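The following explanation leads the reader through one structure, passing from a single helix to the wider arrangement of the chains. Please keep the sequence and the coordinates at hand while reading.

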Amino acid sequence: MRAPLSWLAEHVDLPAGMTGRELAEVLIRAGLEVETVEAVGADISGPVVVGRILAFVDEPQKNGKTIRWVQVDVGTEHNEPHSDYAQGCRSVVCGAHNFAVGDLVVVSLPGAVLAGGFAIAARRTYGHVSDGMICAEDELGIGHDHSGIIVLPAHDGAGRALEPGDDPAGVLHLRDDVLDIDVSPDIGYCLSIRGLAREAGQNLGRRFTDVIDRPTPAAVADGYPVRLDDAACPLFVALTVTGIHPSRPSPRWLARRLVMAGMRSISLAVDITNYVMLETGQPLHAYDASLLNGPIVVRKAGAGEVLVTLDDVTRTLSADDLLITDDTGAIGLAGVMGGQSTELRATTTEVVVEAANFDPVTISHTLRRHNLPSEASKRFHRGVDPNAAYSAAHLAARLLVELAGGTLAIGETVAGELPTMPMQTIDAGLPAAILGVGVLAERVVEILRESGCDVTVAEPDEADGHRLALVPPTWRPDLRDPYDYVEEVGRKVGFDQIPSVVPAAPVGRGLTRTQAGRRAINTALVASGFVELLTFPFGSADDLDRMGVPGDDQRRALVRLANPLAETQPYLRTSILPGLFAAVNRNTSRANDDLALYESGTVFLAGSGEAAPIPSVGHRPTAAELAAIEAALPRQPWYLAAVLCGHWRRAGWDGPAEPAGWRQAFAFADGAAGAVGAHLERGRASTAPWHPGRCAELVLGGEVIGHAGELHPDVIRAFGLPARTAAVELDLDALLRLAPDGGVIAPVSGHPVAKEDVALVVADSVSVADVERALSDGAGELLESINLFDVFTGGQVPPGHRSLAFALRFRASDRTLTDVETAAAKESAVALAGERCGAVLRAF
Amino acid sequence: MLGPEQPAEVSQPAVDRMVADALAAFAAAGSSAELKAARLAHTGEKSPLALANRAIGTLPGTERKEAGQRLGLARAAVQQRLADREGELSAAELAEQLVAERIDVTLPVEIAPQGAPHPITALIDLMGDVFIAMGWEIAEGPQAEGEWLNFDALNLGPDHPARGTSDTLFVAPIDHHMVLRTHTSPVQVRTMLDREPPIYVVCPGKVYRADEFDATHVPVFHQIEGLCIDKGISLAHLKGTLDHLAKAMFGDDIETRMRPHYFPFTEPSAEVDLQCFVCHGASVGNPDAPCRTCKSQGWIEWGGCGVVNPRVLLSCGIDPEVYSGFAFGMGIERTLMFRNNAADMRDMVEGDVRFSRSLKGMAR
């Protein structure tokens, strides 16, 4: 809502000299979102004055134009001497022809700056020195018209005769402060000068004059016949004005206000309905009475009914659309947009003015269904004061009489009646309790009465104190619940009056185990060199195809979005990896080639396929309803994934480059697990999207919780990734669930360690982990640690085999081990490795 | 050196000469090796002092004691000087070695690449810590959420415009009533359904809007919301909590403003503004110094808040006659923009590693 300050000032007694910005501060404090205060006309400076045309000569030019060489009296202060005129004048070149000798015009003189920074200087043109310029609307920024120059009336708005040299700013409504306010949905009444002026008055403590000053009468049917067939239209006022002059233009003040308020000037009758709407908040519609056929009936649309709206679009109506109809069918989409068949024409002399009230929900459905936001629907879907209709209709009729020369027909129609406003009772102490600032009961009553509420104070009750019975005014349908009244009091007291008090929470339990675990993992991964990313959790079936994910994989349990952001990514992700692959592409395209990226976040695996119920509100849903919602939702485990490519370590002075690959992928998984005290075991696996020979399943507590390794060459090709790109993806929830909870601290042995190395030859098919486990199991409890320190092939190692060298450390907690004990433990370790893995002790 | 055939002299002048020779030799030794040679020559078994000492036994008893004392003092003096000289030489040699072993400490060392958390994650943790320190807890919930939890329970009725497909992403089919949560408020609902008051929780997480994608809007972003339900809770407590958070995020001199607003789930509702950190209000009404950050308004909107609407409490099974509460929420991305001057929200989601690496130090 764009509200010119001058317009507001006609409805509220603003303090003298108050600027738009000062008023904006007051309104912002009261909860109105004033987005900008535009100083309209502030860019026009220097001598811009009223001039009277003394004489002119039309001079045809070679380019086909005819210019006028004009002598204009701009007042003694600005006139230059001229031989023909005693008072002097200025001589200017003008391209327009819509003026005559004696007309008053607007002249900008050298030194003036017009709209858009257009500086005026004396300049040579068409063989003359033009000593200024006669202005058109657009040059002054007051309109878009450049078809001719502005011809001023003889008198200003106050009836004073305009003289050459006068400042035309007032008569042109050149300067004003326009407040642009984003009105929130609960205060629809502020979509009007009336509502904003009321708020200003209340918050400034200044007198407000309500333009809605006629009580709505009981139903009367003396005017144009109207029948209400649907409860969504509780009230309909119709007045008829006859004998209007269709060619009369809108007066400058009217058109100017519409423009400042952000609307266009169309024709006088339409401008009047818009003007009254802006002023009162009551949308109006004017019908050409000669085009109406039979009584106006408000009803719901029939199936397949169509309407051509004012914007020249043929709309197929829904049975939920509320219509204004006559004998010919639909003539308007109630509260949203009028129809073309009855719209005002250039020939219209008799109009029927409609001022009606409509149900906000019905209107909002229609406006959304037809995607038709209009000035009317914007107001109706928030709720319009039903009591405004009657007064607004009369305001419009009066303007049609005064400005368009019409006559108000005798007999008016008021169909329907004012709705009753709901009563609510509150404790007078409630606002103070909820706002946290002292507000006396008297002040609560005063504020609510100023807001238009009908307040009845019950006798103070010993237990409850003052109870207030409250009925909101017709323009405040938002005042319904006790807390709505609390807010109304709060807005008027001012939120800046509320003290700042930190509440004392009871002792907390800190982070949950899961939250602490996630943080520990993040910290460890970052410290070890990985960069965290956050990608959009959307995906496509094509991603899974390119990853080679088979049809029965759980990652195919896709959840589709009904209205995805991009049709190419219609699903929620079941794997984080495609998002990271895209991030790799983006980074490498920007020459960020060495990448160790990870993301920690949810994936979405399809739920039961059932619908989630929508329980009723106002009470806790049943356990069954809540369980049904849970069952319907996708499973949303938290995953952890990483992608590695390029170099892990760049070539340096101290060593060659180290490529990033499957080793770091394994280390990533180990590091994440290690951060929460878990030790992952790795087993051979063959899973998409990994290289079948270079993929490990990550096992914890007997559960496979993820996979890591080098990507399949086909996947690398399909996603355009660097060669040998490696990746990890694991179920972070499972990792945290299976991670140990601290354990027991064993006494630290002070006895010496005994070290033994063994080298075992095993077949290639035997994994290190199996050999290590066998050695460990065989060595028994004296084994303190085991470490693989060499893998060797060739030489004396037979083909298809490799030699694995392990360093074993033995220690007892209670004694120094003898050589015999150590040797026995080592032999038993080697024996078990031989038994389980076919390992043969290698002779050095 | 004296020949073995010559009897050793033990007279005072002879001993003094031996000592003087030894000390001179030690002083002349310029390295540990030279000192070792001098040591052998002057304290070894064949040294004059050793021979003289051995000769004591051959002296008559009357002279023996005196000579013994003389030689004892002399040998002690020589040993002392030897130890001192050894210390001097090894210190000098160590000093030389340390100089020789000097490295260029500016050589780059790179054990691992430079890791970094995403700034949004870092900020979520930081904001969470502010509340953990106050005794609050962090609550989490699903991102694909029941429509009832995202809307109805929060007093956004079936006709609320935000429930349309132009604002909200729906899980297909729409009539299965599941959405990608448009705020983290359903976590508040879940918390109220799960726990008895008092409740003091913050809910950080990812949220979704069918929004445009530009420098200040991304369709997937992060919020942190707070919920406090207790006896006697008022708007003053909300103000205190937000002031504390603002100071923790932006420093002690940050100014905040609570401005009445409208949200269906709170009543009264407000928006919380921060004083513009660029112009500090100087651009207001001053066309010569416009501020792009606050559009010369002096304030920038940080988040929404208010007293929990009793209709919400009722739907969550909490008696509004006994308990009241407040809730607030703000965008993490927006907070990051204000705190760390991140200019373009698109950078936060495009996954360029340079963005993640750009925040440094404790004050993430």
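In this predicted model, a convenient point of entry is Gly205(A), which follows helix 4 of chain A and has a positive phi, near 70 degrees. The helix that precedes Gly205(A) covers residues 193-204 of chain A. Its 12 residues, at 1.5 Å a residue, should span 16 Å, and the end C-alpha atoms are indeed 16 Å apart, so expectation and model agree.

Is this helix enclosed or open to the surroundings? A residue is counted as buried if 20 or more other C-beta atoms lie within 10 Å of its own. Nine of the 12 residues of helix 4 of chain A are buried, and the helix is therefore largely enclosed by the rest of the structure. The buried residues run from Ile193(A), Arg194(A), Gly195(A), Leu196(A) and Ala197(A) to Arg198(A), Glu199(A), Ala200(A) and Gly201(A). Against which elements do they pack? Their partners in chain A are strand 1 (2-4), helix 1 (5-9), helix 2 (20-29), strand 14 (176-182) and helix 6 (268-280).

The domain assignment places these elements in a wider frame. Domain 1 of chain A is made of two segments, 2-42 and 176-204, and domain 2 comprises 48-172. Further along the chain come domain 3 (220-416), domain 4 (430-496), domain 5 (513-738) and domain 6 (754-841). Taken over C-alpha atoms, the centres of domain 2 and domain 4 of chain A are separated by 59 Å.

A contrasting environment is found at Asp327(A), in the loop that links strand 22 (322-326) to strand 23 (329-333) of chain A. Asp327(A) counts as exposed because it has 11 C-beta neighbours inside 10 Å. Leaving aside residues up to four places away in sequence, Asp327(A) touches Asn293(A) and Gly294(A). Asn293(A) is 34 residues from Asp327(A) in sequence, yet their C-alpha atoms are 5.4 Å apart in space.

Chain B, in turn, is divided into domain 1 (12-100) and domain 2 (119-356). The centres of these two domains of chain B, taken over C-alpha atoms, are 87 Å apart.

How many residues of each chain take part in the contact between chain B and chain A? The interface involves 86 residues of chain B and 88 residues of chain A. On the chain B side, helix 8 (residues 235-250) supplies the largest share, eight residues. By residue class, the side of chain B that touches chain A divides into 45 nonpolar, 24 polar and 17 charged residues.

Conventions: Residues are numbered from 1 along each chain as its sequence is written. Chains are lettered from A and ligands numbered from 1 in the order in which they are written. This is a predicted model: local features need pLDDT of at least 70, side-chain atom pairs count only at pLDDT 80 or more; totals for chains, interfaces and linings use all residues. Domain bounds come from an automatic or database domain assignment. Two residues are in contact if their C-beta atoms, placed from the backbone, lie within 7 Å. Helices (H or I, at least four residues) and strands (E, at least two) are DSSP runs, numbered from the N terminus. Ala, Val, Leu, Ile, Met, Phe, Trp, Tyr, Cys and Pro count as nonpolar, Asp, Glu, Lys and Arg as charged, and the others, Gly among them, as polar. The expected span of a helix is 1.5 Å times one less than its number of residues.
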